Amino acid sequence: MEPFVSTVKCLTELLLQKKPEDCDELIERLFSEVSSLEDVSKISDPQLEECAVHLWNWAVTKNLSTTITQTQKAKARHVACSLLYCCEPEYPTEGIIRKQILMASKTGRTWLDCKNPQMADTFLKLAVKSLETLYNQLTSRDDRAADISSSKCDVEKDLLRIHSFQAESAISQGKNQEAVAYMQRCKDMLLRLPKDTAYLSLMCYNFGVDLYSAKKFEESAFWLSQSYDIGKINVKFAPAAEVQAKVLRLLSTVYFEWDCQKFQEKALNAVSLANKKCVSPTGLSLKITILLRCGASDNHVRAGLNELLEAKVSLEVCVSAVKLLVSADREVLAFEYLKRVCQHFESSSELGTALVLHVKLLLRKGKELLGKQKIEDIINGHYAGKQLSPQALTCLHAILWDKAHKYFEAKNYSEALQWYNYSMSFFKTGQVEPNLAKLQRNRVSCFLQLKQLEKAKEAIKEAERCDPDSIFTQFSLYKIAVLESNVEKAVEAVNAITRLSRSPVTSEDRLLVSEDAASNLLSLAAQIALQNEQQETAIKALESLCETSKDETQVLTALRCLVRLTLSVAERSSDEMRTGSLEGLLPYIKMALVKILNQSQSHMSVQQRTEEAHWFRKIAWNSALQCESCPVRMRDFFVLSYQLSVLCPPDRSLLMSQETCLMMAAAASLELFRKSPLSDQTEELTQVLEHIQICWEVWKALKASGNHPTDCTNTLLLLYEFEARAKLNDPRVETVLESVLELENVEPKILETIAALAMEPPAHFPLLCKKALRVALSLHKKQPQPDLALCSKCVHSLIKLSLPNGVTEVEAPVLKEVWDYYEEALSIISSAPADFPEMEVLWLLTRAWNTGILLYSLAQYPEAEKWCGLAMSFIRYLGPLQESYETQMTGLYSEILDRLDKAVNLMKEK
């Protein structure tokens, strides 16, 4: 056992040195060490006794300073007491035994306080055993009989306390019979210890309270009866009469809640006895409650009510009794007693509580005329100096407003106004209070329904004076403005509501406003304006609603209304003004798009979200079709229609709609660029390309579905893309041309368009232009009946591109290319000379002749002769002009040939 002793000593020393907040671990280790010694032989070591005493004193000291927890104190005492018993000698002295009794009883008590009765039982049994040992020692002595008698008395006192602790432990463990046995032992000792009568009585009362809280009525009634009976054992040392009355009232309550009908007599006897012991409002009220529950006659109840008045209880208690009577359907008795109460407390400053209750009961019984008379009496008394207390006045206001509200809902506005006027009678002139503002607003509503506009204006002035920063005050001002057709004032009120909705209510005295109150008022404001055919005001209210409301569904509903109102204005507008009217739809549809997107994280169902998106998508589509004269608006509406369609479940018709929207948006943007090509619109063209890219995806999805109709969508997309990239000088434009050439059955007209776009400023792609024209010319020639005019146009453009006007020098490859084009032209002309335009022949002739002259000036004589000869070959196709041109051209050609011969000879001589 030496290791054990050494460990305990070391831990004890460490604990005595530690701060209280750091001692938890050491206490746990000591507790663990001592717990392992149970049922082990005793250890005779003075060091252990010393450790026990030190630990005990440490726990007592810390308990006084409340620096350790109850559980820590219990464990420290547990260890100290266990160590003391562990080192107990074979024949302990009286001092050691008394020390054991003290430690064991207090340790058991501490464990009880920690709600651990099992642990407490161990130490309480040790204490009883030590007491028996001490008692045997004392009775075995022969000397000093007086001292022995005193010591025996102390032992019995300790035993009574410990048995009461054991009874408490048994109660907490649900061992009621065991607790009864322990308490009986305590009662047996009371004859010798009469001063403990009050202690035991209160102990039993506490048992009764705990069991009542646990709804164990039978056990509770037993212990409460025990408490009262113990008090009767010795009247001198019994609890005070107030305490005994308290015990009896609780006993009566237990019988009442246990089974009122079965234990009616016991409950009444207990409470009557309590009232005899010490009369109290609680006991008197309890008696009336029991009588009412048991269905006693009015006379019996009336007797109980008389006891209340005779006991001089407060007005509040009497009013509570009246309420009890009403709840028990004893209204006749309630009115009778209430009249007596009012007479009894006529001079009381709290009489208003009873008067207000009287009014409430009269109105509840439907005795409205009597109720009004009572209210008028109260008003007269108010001005005569008999004012109600603030609490009673608040209650009366609530009754009056509730009555007025019911009449207003029933559309009896004059009667509602009368009840509001009753309420207003209690306010002083010039008084400033939010409730008065609310009252005046309610009166305004009544006046407006009664068509008394001037009186309504007077009432709202008072409301504005009391609470100008209330959205409800501003709403009342709005209603009046609408009725007066004052658009300016109506808009001011709407703006004020919007502004005030952003400002939180800071004053505790002000009316608390819900977050959606302003939005609901604005919605109602719009309805009122529309009912009064004031469209401009309604639009302003709806716009403010969209700005303030956090409810996306409410905002979307308001936006629908705004769209309909705007469309109605557009329908009445002229064609020139219609586009401007429709422009007002854009912000509404854009806001709708944002709100529907937000709905993906809100409570709106998928179906509702889809329906909203479809509705606004169709509006945007139809608006775009009406903006043909304004490309920028057309584009914006088509883009919005597409964006909204993305939020809908895809199907064939929706995909085709998306395809059209994107194509039209791209076309509108290109049209805008064509109208102002000099401005910097790079961003516009970039957006065109984005629309086209998305459109390609939609087109592919349609094609993959197998339901794609044969149309020219892909051709148009390539044309739009070519134009946009050409305008941006994007080198990828060549790839677009290749994609066009890869199309099946590409039409020459498409290639001619591409050729024109390739050279339309700011684009400049001559090589691509010529490539497109060559392919177009080839396709024209492949037609069963080629259109010579179109072929000629292609050749014309190719020659013009290759050999532009004003050149002063021509390279051989270029001449070769142009020569090929001329041969192509001659081939076309020769195939049908009568169908070829004469002016085009003349242009070809002139261009070839001028080229020959240019080459002559550059001393390229062989080439000059060749081109002039080419020009001469076109003369025979000039028709009526052939003769005049042939005469002129032959002479010039001969002259040129002579000059060429001389120039050649001169070069040879040199």
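1. Start with a loop. P762 sits in the loop between helix 36 (748-759) and helix 37 (766-781). The peptide bond that leads from P761 into P762 is cis. Its omega is near 5 degrees. Keep in mind throughout that this is a predicted model.

2. Another loop residue is N745. It lies between helix 35 (733-741) and helix 36. Phi of N745 is near 55 degrees, which is positive, and the residue is not glycine. Is N745 buried or exposed? Its relative accessibility is 75%, so N745 counts as exposed.

3. E533 deserves a look too. Find it in the loop between helix 25 (517-531) and helix 26 (535-548). Here phi is near 55 degrees, a positive value in a residue other than glycine. E533 has a relative accessibility of 76% and therefore counts as exposed.

4. Next, helix 5, residues 94-113. How far should its 20 residues span? At 1.5 Å a residue, the expected span is 28 Å. The C-alpha atoms at the ends of helix 5 are 29 Å apart, so the model agrees with the expectation. Just after this helix comes K115, with a positive phi of about 60 degrees.

5. Now helix pairs. Two packed helices are described by the angle between their axes and by the distance between those axes. Take helix 20 (residues 413-424) and helix 21 (residues 434-449). Their axes come within 9 Å and cross at roughly 160 degrees. Angles over 145 degrees count as roughly antiparallel, and helix 20 and helix 21 are therefore roughly antiparallel to each other. Helix 20 passes helix 21 in a left-handed crossing.

6. Which residues make this contact? Helix 20 supplies Y413, A416, L417, Y420, N421, S423 and M424. Helix 21 supplies L436, L439, Q440, N442, R443, C446, F447 and Q449. By type, the residues in the contact of helix 20 with helix 21 are nine nonpolar, five polar and one charged.

7. Set beside that the pair of helix 29 (residues 585-598) and helix 31 (residues 631-645). They pack at an angle of about 20 degrees, and their axes are 11 Å apart. Angles under 35 degrees count as roughly parallel, so helix 29 and helix 31 are roughly parallel to each other. The crossing of helix 29 past helix 31 is left-handed.

8. What meets what in this pair? From helix 29 come L585, L586, I589, K590, L593 and I596. From helix 31 come R633, D636, F637, L640, Q643 and L644. The contact of helix 29 with helix 31 divides into eight nonpolar residues, one polar and three charged.

9. I596 turns up again at E612. E612 lies in helix 30 (residues 606-625). Its relative accessible area is 11%, so E612 is buried. Leave aside the neighbours within four places in sequence, and E612 is in contact with L556, R560, I596 and M604.

10. Finish with N299, in helix 14 (residues 298-310). N299 has a relative accessible area of 57%, so this residue is exposed. How many residues separate N299 from E611 in sequence? The two are 312 residues apart in sequence. In space, N299 and E611 are 71 Å apart, C-alpha to C-alpha.

How values were computed: Residues numbered from 1 in each chain as written. Predicted model: local features only at pLDDT ≥ 70, side-chain atom pairs only at ≥ 80, totals over all residues. Heavy atoms only, no water. Axes fitted to C-alpha atoms, helices over the stretch in contact; angles between N-to-C directions. Helix = DSSP H or I, 4+ residues; strand = E, 2+ residues; numbered from the N terminus. Parallel < 35°, antiparallel > 145°, perpendicular 65-115°, else oblique. Left-handed = near helix turned anticlockwise from the far one by under 90°. Contact = heavy atoms within 4.5 Å. Nonpolar A, V, L, I, M, F, W, Y, C, P; charged D, E, K, R; others polar. Buried < 20%, exposed > 50% of the residue type's maximum accessible area, 1.4 Å probe, protein only. Expected span 1.5 Å × (residues − 1).
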